[in-house]
Amino acid sequence: MQNVLKQKVTVQPGGIVHIESPELVPGSIADVIIIPETPDAPIATLAGLIGAAAGGFTTPQEADAFIRQERNTWPA
């Protein structure tokens, strides 16, 4: 069975990662896998989506202005 060592580390400036452990044998060869944590995407709320789609309006005033503009393009 393979021995596995897992540590949380902070990436230093220049992308440097420092790992220390008494379990590591000097002169031995080890594979290092780095899996950076990614920040969780904020959860979109329904209220935050209102008006976000193409053709959507965030306020009634925006909708009224658009309708007035469209009516002004109609032939008399």
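**A first look at this chain**

The protein chain puts about 7,700 Å² of surface on show, and carbon and sulfur atoms supply 61% of that. Keep in mind that this is a predicted model. Two helices and zero strands are what you get for secondary structure, and buried residues make up just 1% of the 76 residues.

**Overall shape**

- Start with the spread: along its principal axes, the C-alpha trace of the protein chain spans about 90 × 25 × 20 Å.
- The radius of gyration of the protein chain is 28 Å, while a compact globule of 76 residues would come in near 11 Å.
- For a feel of the distances, take Gly14 and Glu70: they sit 56 residues apart along the chain, and their C-alpha atoms are separated by 55 Å.

**Helix α2 and Glu70**

- Helix α2 covers residues 60-72, and Glu70 is part of that helix.
- Glu70 has a relative accessible area of 35%. Partly exposed is the label for anything between the 20% and 50% cut-offs, so that is how Glu70 counts.

**The salt bridge**

- The count of salt bridges comes to one.
- The partners are Lys8 and Glu37, whose side chains meet at 2.2 Å, N to O.
- This pair ties together distant parts of the chain, with Lys8 and Glu37 lying 29 residues apart. Both of them belong to the segment before α1, the helix at 46-49.
- Are the two partners buried or exposed? Lys8 has 70% relative accessibility, so Lys8 counts as exposed. Glu37 is exposed as well, with a relative accessible area of 63%. The cut-off for that label is over 50%.

**The largest pocket**

- With a volume of about 1,200 Å³, this is the largest pocket in the model.
- Its lining takes in 24 residues. Which of them lie nearest the centre of the largest pocket? Those are Leu5, Lys6, Ile19, Val32 and Ile33.
- Sorted by class, the lining of the largest pocket has 15 nonpolar residues, along with five charged and four polar ones.

**To take away**

- When you turn the model around, look for the 90 × 25 × 20 Å spread of the C-alpha trace, then find the two helices.
- After that, look for Lys8 and Glu37, the pair that forms the salt bridge, and for Leu5, Lys6, Ile19, Val32 and Ile33 around the centre of the largest pocket.

Terms used: Residues are numbered from 1 along each chain as its sequence is written. This is a predicted model: local features need pLDDT of at least 70, side-chain atom pairs count only at pLDDT 80 or more; totals for chains, interfaces and linings use all residues. Side-chain values use heavy atoms; hydrogens and water are left out. On a 1 Å grid over the protein atoms alone, a cavity is a set of points where a 1.4 Å probe fits but cannot get out, and a pocket is an open set with protein on both sides within 12 Å along at least five of seven lines; lining residues have an atom within 4 Å of a point. Grid points are joined across faces, edges and corners, and a volume is the space filled by probe spheres set on the points. Ala, Val, Leu, Ile, Met, Phe, Trp, Tyr, Cys and Pro count as nonpolar, Asp, Glu, Lys and Arg as charged, and the others, Gly among them, as polar. A salt bridge is a side-chain nitrogen of Lys or Arg within 4 Å of a carboxyl oxygen of Asp or Glu. Helices (H or I, at least four residues) and strands (E, at least two) are DSSP runs, numbered from the N terminus. Buried means under 20% relative accessible area, exposed over 50%, partly exposed in between (1.4 Å probe, protein chains only). The radius of gyration is taken over C-alpha atoms; the globule rule is 2.2 Å times the number of residues to the power 0.38. Accessible areas come from the Shrake-Rupley method with a 1.4 Å probe; for residues, only the protein chains shown count as cover.
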